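Biologist: Please show me the structure. I want to ask how each label is earned.

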There are 2 protein chains.
Amino acid sequence: MTNPYMEIAIQEARMAAEEGEIPVGAVIVKGNIVISRAHNLREKMGSATAHAEILAIDEACRILGRWRLDDCDLYVTLEPCPMCAGAIINARIRRLYFGAADPKAGAVGSVVDLLRMRAFNHTPEIYEGIMESQCRKLLTDFFKPLR
Amino acid sequence: MTNPYMEIAIQEARMAAEEGEIPVGAVIVKGNIVISRAHNLREKMGSATAHAEILAIDEACRILGRWRLDDCDLYVTLEPCPMCAGAIINARIRRLYFGAADPKAGAVGSVVDLLRMRAFNHTPEIYEGIMESQCRKLLTDFFKPLR
């Protein structure tokens with residue numbers, strides 16, 4: 001099963017791979033409109049925070065002119081890390097859709113489960129495994145020649 | 001007891017308060033040199049990610065031209081939230097010094113303890129309670145007139 005927004009996130013991830021970046025892509029959607037799309041740019045930007053989700057959230061905040069994205073949904077090819085899960089809380093993202101799980105650094109169930117902790121002041125709806133095999137293949141294809 | 005870098009972080013937090021922002025300040029130090037300093041700008045920038053720590057890390061990465069800050073230490077007036085704790089992991093910050101604990105959203109022992117989880121690929125040294133009463137007072141003074 002496909003999802004049109006996750007397909008855009010996958011396109012973004014492919015752009016990352018072409019630039020030698022770990023292929024992760026993210027899209028922010030409000031209603032049926034794509035507000036922002038981004039991919040991991042850690043190496044190119046030389047920035048520890050330049051994950052796809054952070055870049056997409058920053059861009060959506062710029063475009064909408066506000067930090068609160070409680071009417072927005074985030075699609076990302078990989079389970080968010082703690083930084084990105086924390087940004088999802090801080091931005092009050094309404095729904096999170098992600099593709100592949102990240103057993104090494106995933107903060108939405110794999111290593112820790114930040115987005116289901118009621119102690120924080122926001123818990124988004126979570127939908128996982130969206131176009132999972134395509135999302136996982138992006139990463140296995142990227143790391144294969146490096147091993 | 002005072003700490004010269006935490007004093008700079010406190011100055012930054014005061015600048016935030018003057019601008020109507022929740023007063024949190026952060027400083028990144030390499031050797032004895034202040035590489036970057038920043039304060040919370042969430043409202044002014046309209047950005048969910050514009051916490052003091054993220055802005056200081058981004059600026060340090062720009063200045064040093066690399067995402068890996070494993071020779072840098074971060075001073076921050078308040079216990080980092082999950083997003084900022086995650087950014088500390090991602091940037092491989094060597095040592096974290098913080099002032100006041102954050103019982104509501106702290107991710108370095110209060111609500112969750114991300115930076116001591118061996119599952120993640122980096123665990124900084126952690127020093128807490130640095131100039132704690134001054135750091136806490138910044139926040140209580142800020143929120144007092146609002147209540």
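Biologist: What makes you say that the copies meet through the same surface?

Modeller: 100% of the interface residues of chain A are also interface residues in chain B, so the surface is the same on both copies. The contact takes 29 residues from chain A and 29 residues from chain B. Contact here means heavy atoms within 4.5 Å. This is a predicted model, where local features need pLDDT of at least 70, side-chain atom pairs count only at pLDDT 80 or more, and totals for chains, interfaces and linings use all residues. Residues are numbered from 1 along each chain as its sequence is written, chains are lettered from A and ligands numbered from 1 in the order in which they are written, and side-chain values use heavy atoms, with hydrogens and water left out.

Biologist: How do you know that chain A and chain B are related by a two-fold axis?

Modeller: A turn of 180 degrees and a shift of 0.0 Å along the axis lay chain A on chain B with an RMSD of 0.0 Å. That is the relation of a two-fold axis. In chain A, M83(A) has the C-alpha nearest the axis, 2.0 Å from it. The superposition is by least squares on the C-alpha atoms of residues with pLDDT of at least 70 in both copies.

Biologist: What area do chain A and chain B bury between them?

Modeller: About 2200 Å², with 68% of it on carbon and sulfur atoms. Buried area is the accessible area (1.4 Å probe) that two parts lose on being put together, summed over both.

Biologist: Which polar links does the rule find across the interface of chain A and chain B?

Modeller: Six residue pairs are in polar contact, both residues at pLDDT 80 or more. A polar contact is a pair of N or O atoms within 3.5 Å; within protein, one must be able to donate a hydrogen and the other to accept it, and residues adjacent in sequence count only if both atoms are side-chain atoms. Across this interface the rule finds zero salt bridges. A salt bridge needs a side-chain nitrogen of Lys or Arg within 4 Å of a carboxyl oxygen of Asp or Glu.

Biologist: How many salt bridges does a search of the whole structure find?

Modeller: There are 26 over all chains.

Biologist: Why is the pair E12(B) and R37(B) called a salt bridge?

Modeller: Their closest N and O atoms are 2.7 Å apart, and the limit is 4 Å, so the pair qualifies. The bridge links distant parts of the chain: E12(B) lies in helix α1 (residues 4-18) of chain B and R37(B) in strand β2 (residues 33-39), 25 residues apart. Helices (H or I, at least four residues) and strands (E, at least two) are DSSP runs, numbered from the N terminus.

Biologist: Is E12(B) buried or exposed?

Modeller: E12(B) has 5% relative accessibility, so it counts as buried. Buried means under 20% relative accessible area, exposed over 50%, partly exposed in between (1.4 Å probe, protein chains only). R37(B), at 38%, counts as partly exposed.

Biologist: What makes R42(A) and E43(A) a salt bridge?

Modeller: Their closest N and O atoms are 3.2 Å apart, which is within 4 Å, so the rule is met. R42(A) has a relative accessible area of 18%, so it is buried. E43(A), at 43%, counts as partly exposed.
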